[in-house]
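Visitor: I would love a short tour of this structure. Could you take my questions one by one?

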Amino acid sequence: MTPSLREKFLTYLLVIIILVVFMTPIYLILVSSLKPSPIMFSRPPRFIFTPTLQNYYDLFTMRPFHLQILNSLLVALGSTAFSLTIGTMAAYAVSRIKHRRINDVAFWILSMRMFPPIAVVVPYYIIFKTMGLLDTPLALIIVYSTFNIPLTVWLMKGFFDEVPEALEEAAQVDGHGVIATFFRVTLPLTAPGLAVSAVFCFIFSWNEFLFALMLTGSKSQTVTVAVMSFWSSDAVQWGRIMAGSFVILIPGVIFVLTCQRWLVKGLTMGSVKG
Amino acid sequence: MMQWKKTMWAAGAVLAMTGAAWAQDKPFAGVELKMLGIGDTSVTRVAPIVGEFEQATGIKVHIDQLPYPGLIDKIIVEASSDSPTYQLLWVDSPWVGMLGEAGALEDLTSRAKRDAAEIGLDDIIPIQLQENTWQGKLLAFPASGMVWSTNYRKDLFENPEEAAAFKAKYGYDLAPAKTWAQYRDIAEFFTRKKGEKLAGEVLDKDFYGTAQAYSRVQGAITHDYFPIMRAFGGDYWDPKTGLCAMTGEPHIKAAEFMKSLIPFNPPDYLGLMWDLRTGYMERGEDAISSYWSVRTVRLTNPAEAKVAEKGLVVGYAPSPTVDGNPQPTYTGALSFAINSKATDKEKEAAWVFIKWATSEKLMRRFAEEGQGVSQFRKSILSDPALQAKYPYYKVLLESQKNARRRIFHPFYQAVEENFGVELSKYMAGETATAKEALETACNAVNSQLSIFPVEQRLRWINDVPAEVLAK
């Protein structure tokens, strides 16, 4: 059925409203990052002004921001890859093992995600200090994985549950072992789930602040801490914070867009049973 | 052959002597220090030139700049480690009580006494040293001194039309406020709507009498409230119990006074915190405003403040009092400290760095180069050439003669958090009376304090002057 003109108009209106709501903060971040400091808080706000790249220049010259981006990428991709590897295999086991206590195990795994991060900061600090891992990307990869693995397990368990076991049995009849069946048959069918898990793991690791603040120094400082460090006791350097915020939006957007093809499929998979 | 041997011996002896002299000249050569710092001017001015320090001493210093929110937590976590990552710490003076009580900071008293002549101890404004003491020990060294003072639009105050209109309305001459009542009159007088005239010019937007911090975020409102409260005669603690006592008449009057200034503030007053409120003066959009001198330094720099670029003139004055007579000024300090868990050699090397980074030579260099650091040395603040360059120096120097330190209690953060929320709620009309707001905040602080014995609480509030200042 072709939508009427009125329906089309309402659809586009809704899309525009949603776009405005979601894009306004990004627009304000961009505009503020291009404003010279003295007019940052002019009244009424100035939208027409001579833009300057000074804040971006300061961002990369006053601090090693390019290295901090690399640190964040290393930590986020490292934790995402590690969490997907461990979490996917764990989720498969939880999905396939038939035991009356398996749901308790699954819940216990999920409960790891419920820890208030602040409660484990000091123990982590002492552990990594003892191991000589403070101010290294590895420390953050380990910490973020403890939060990402439970999430991956739960997300992927749902996807594995959807894959009929008959398919795996057929593969095994054809001569595949358990591992080959998992990698060649089951895992490809849950690609959308992997994409969803990867996006969530990446975004969590990319945006995390508390552990990054406590467990890193200058060597492995991530972008969230680097941007916030323009907040000092005598001034909040909004221009540089906005420039940093805009730059750190970019890798996340690229990553999500890359996964988008599988993401939509993954988010809706299983929503309609046929 | 004999000649060759002699030459070798002589060369060896020269090398050995040079090496010994070098070792004596640079006893800490090879020591590496890390500083847990912040992006504050006290650090950012020093950070780019630490290479010069390394060249002179052989000590390598690496400064990490972290965000202000969360820094105190990181210092506390760092202090819990027996082999610290950071040997040097940046501290805000109100933290000294808490960190001192936790034993996180090295006692610098004996070092300061030993090197008094070298560091020019007498040259440092006493209250700036006092800001960094806890229970008689000097636990940090000032790197940037803070004084609560008033900035005002001198060009408006000197405008004949405005001066005449003010006198006609209030019956006294328009001048920098000496009392809070005058401050209110000035704020009221200069509050103008768009289209009205200011100094003969028609305003194209609203102009505000003042801009105060009323935000509850990070206790910003308390920074504005405490100087007023103390001017009204209020104090923080009950001298008999050591508990929070900020519910008396002076405290209530101070809160009510602050609320009476709201009509002369920008409409976003509840969101105004530190730099957002000083931004109004920096853009020339309000008439009078008191704040920490660390932001005053921006007012003479066109790159940081539009008011300097526009050619508008800012004047500087001490913070008002109640009766116009000098009352203790509200002070603070941004300082460098040594982690008490560092090794002895690291501690000595760190002290060498602190002496260098806070030296008169370096501070004078910053002032002469035009880099804003809120100074804490008498010789710099009283230098006529520098006073001409930075007109606020004279005010900072004068107003610290009769200064009294800022809150220095281990429960400073609890005070700032609770009073920040409750005072802001009162200003927003969410709490009916100032008394109710202050009692709620005080009760919350006391619920934490009351678990400690009264002797301990009294020891905290009766902090003795630093031994290093005793004459």
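**Helices, chains and domains**

Guide: Happy to, and let us begin with a helix pair in this predicted model: α6(A) and α9(A) cross in a right-handed manner.

Visitor: Are α6(A) and α9(A) roughly parallel or antiparallel?

Guide: The axes of α6 (residues 137-162) and α9 (residues 191-207) of chain A come within 9 Å and cross at roughly 160°. Angles over 145 degrees count as roughly antiparallel. Therefore α6(A), relative to α9(A), is roughly antiparallel.

Visitor: How many residues in the contact of α6(A) with α9(A) are charged?

Guide: On the α6(A) side, the contact includes Tyr144(A), Phe147(A) and Leu151(A), while α9(A) brings residues including Val196(A), Phe200(A) and Phe204(A). By class, the contact of α6(A) with α9(A) has ten nonpolar and five polar residues, and the charged ones number no residues.

Visitor: Which element gives the most to the side of chain A that touches chain B?

Guide: Here 27 residues of chain A are in contact with 33 residues of chain B. On the chain A side, two or more residues come from each of α10 (210-215), α11 (223-228) and α5 (117-131). With five residues, the element that gives the most is α5(A).

Visitor: And within chain B, which element gives the most to the side of domain 1 that touches domain 2?

Guide: Domain 1 of chain B covers 30-147 + 332-404, and domain 2 covers 148-330. Between them, 20 residues of domain 1 of chain B are in contact with 17 residues of domain 2 of chain B. On the domain 1 side, β6 (141-153), α21 (392-399) and β13 (403-404) of chain B each supply at least two residues. Giving the most, with five residues, is α21(B).

Definitions and conventions:
Residues numbered from 1 in each chain as written. Chains lettered and ligands numbered in written order. Predicted model: local features only at pLDDT ≥ 70, side-chain atom pairs only at ≥ 80, totals over all residues. Contact = placed C-beta atoms within 7 Å. Helix = DSSP H or I, 4+ residues; strand = E, 2+ residues; numbered from the N terminus. Axes fitted to C-alpha atoms, helices over the stretch in contact; angles between N-to-C directions. Parallel < 35°, antiparallel > 145°, perpendicular 65-115°, else oblique. Left-handed = near helix turned anticlockwise from the far one by under 90°. Nonpolar A, V, L, I, M, F, W, Y, C, P; charged D, E, K, R; others polar. Domains from an automatic or database assignment.
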